[in-house]
Amino acid sequence: MKTEFLALLTNIRHLFGWLPGLLSSILMLCVAGLVAEMFSRFFTKLVLRIPGQKRGAFVRSFTMAMQRPVRIMLVIVFVGTALPVSGLPYEIMQATMHALVVLFVLMLGYAAVVATRILSDAYLKRINGKDDKDDILLRTHMTQVRVLRRTTDLLIGLLTVGAALMTFEPVRQYGLSLFASAGAASLVVGLAARPLLTNLFAGMQIAMTQPIRMEDLIIINGDWAWVEEITSTYVVLRVWDWRRHIVPISYFLENTFQNWTHNSAALIGVVFLYVDFNAPMDRIRERLREIVHSAPLWDGKEFAVQVSDCNAQVMTIRVIASARSAMQSWDLRCEIRERILAFLRDECPEALPRERISHVASVSGLDVMGDPGMLSPPVRRPPPGAYMGPRSGTSGGGMSMTDGGQGHG
């Protein structure tokens, strides 16, 4: 088939024999590229006719995403095959062949990146179809796929650029000499790339060991933050007020932090109430039970009411209730506080905290607080009928001295 194709191209070049030689050779190469384009379009339409809802749909989407790089590579192959019979001068032919090789290597790397992304997106779409969004296995797979995909993209990019540069003779000689020396130059390159390599290996280690996952709730610098994105070099954390923390990925291997959803998203929330010693615990406990059991945010697992502490003024009631996630736990605690405070205000005012002062006589029998003047000085009020100053709210303002008002005498 290759012989017949080359013979066909040779005949086409002879048809353009009346044109200058260089122009006829270029037209022949254009015809070769056009044949490759037509063949690619025909094959693409043929694949897109494959039926099916799942596998067929995946094949069609994969074909649509890959058609551009594959079509360009096919054109490069056809043009490279036709180049020996194009009749171009040797120098131009060698330069063109080298350019086609470099372009083919770059397109091959691009096709590999596209294929990796298509396969990873298809896998993420399949596992995201589950109903349980807090599933540990789901978040584990999402983290591993995204971290490894970015690492793979980086490695493919480096290998592609390296392979393209190695087609140049000066670069190849420099690379061989650098590899042969393996001394000071290698040490300098290693030190310069240390931060990049540290974060790169840290990303691979996080993908394997899973100290954090996608949508994990962690505590960093005193803020609640969700893991929004994990790249090959840094992690994006989303705070509850929509701020973002950009943290180097190696931080999570070198420092301690709290991960509230490492094993499960469910959390136990705690509410503290400070009440008076006269508070009816039985009524308060029963009302708290009604509040929690009727709350839709409670997951039905953990609930308890206990007097956890007391001091000279109040006693402390600790209420614990579990929820399915951290945000639901926060909302559940707020609801418990609002409803129990309304209950204490309306039905148990004696449970509200208050300060007590006890007046006790001294041991010697002398009442040191017997003199009322020691408690507060006497209040000297003006006699009835004395002028009390201008009254607010009267028309025309207050009475003045010129209007017949009295002075303070």
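Which strands does helix 10 (residues 281-294) lie across? In this predicted model, helix 10 lies across strand 6, strand 7 and strand 8. Its direction is at about 155° to strand 7. Helix 11 (residues 326-347) also lies across strand 6, strand 7 and strand 8. Helix 11 runs at about 20° to strand 6.

The three strands under discussion form an open sheet. Their order is 6-8-7, and the pairing is antiparallel. Strand 6 (267-275) and strand 7 (298-310) are the edge strands. Each of these edge strands pairs on one side only. Neighbouring strands of this sheet are turned by 20° against each other on average, with direction ignored. Nine bridges link strand 6 to strand 8 (residues 315-323), in the antiparallel sense. Within this pairing, valine 270 has isoleucine 320 of strand 8 as its bridge partner.

A further set of pairings involves strand 2, strand 3 and strand 4. Strand 2 (residues 223-230) pairs with strand 3 in the antiparallel sense over five bridges. A hairpin of three residues joins strand 2 to strand 3. Strand 3 is also joined to strand 4 (residues 244-248) by five bridges, and these two strands run antiparallel. They form a hairpin with four residues between them. In that turn, tryptophan 242 has a positive phi of about 75°.

Leucine 237 illustrates the place of strand 3 in these pairings. Valine 227 stands opposite leucine 237. Leucine 237 in turn stands opposite histidine 245 in strand 4. Strand 3 (residues 234-239) is mostly covered. Five of its six residues are buried.

The helices come next. Helix 4 (residues 90-128) and helix 5 (residues 136-165) have axes that come within 9 Å. The axes cross at roughly 180°. Angles over 145 degrees count as roughly antiparallel, so helix 4 is roughly antiparallel to helix 5. The residues of this contact divide into 14 nonpolar, seven polar and five charged.

Is threonine 151 buried or exposed? Threonine 151 has its place in helix 5. Its relative accessibility is 4%. Buried means under 20%, so threonine 151 counts as buried. Leaving aside residues up to four places away in sequence, threonine 151 touches Leu200, Met204 and Ser232.

Methods:
Residues numbered from 1 in each chain as written. Predicted model: local features only at pLDDT ≥ 70, side-chain atom pairs only at ≥ 80, totals over all residues. Heavy atoms only, no water. Axes fitted to C-alpha atoms, helices over the stretch in contact; angles between N-to-C directions. Parallel < 35°, antiparallel > 145°, perpendicular 65-115°, else oblique. Nonpolar A, V, L, I, M, F, W, Y, C, P; charged D, E, K, R; others polar. Pairing = 2+ DSSP bridges. Contact = heavy atoms within 4.5 Å. Buried < 20%, exposed > 50% of the residue type's maximum accessible area, 1.4 Å probe, protein only.
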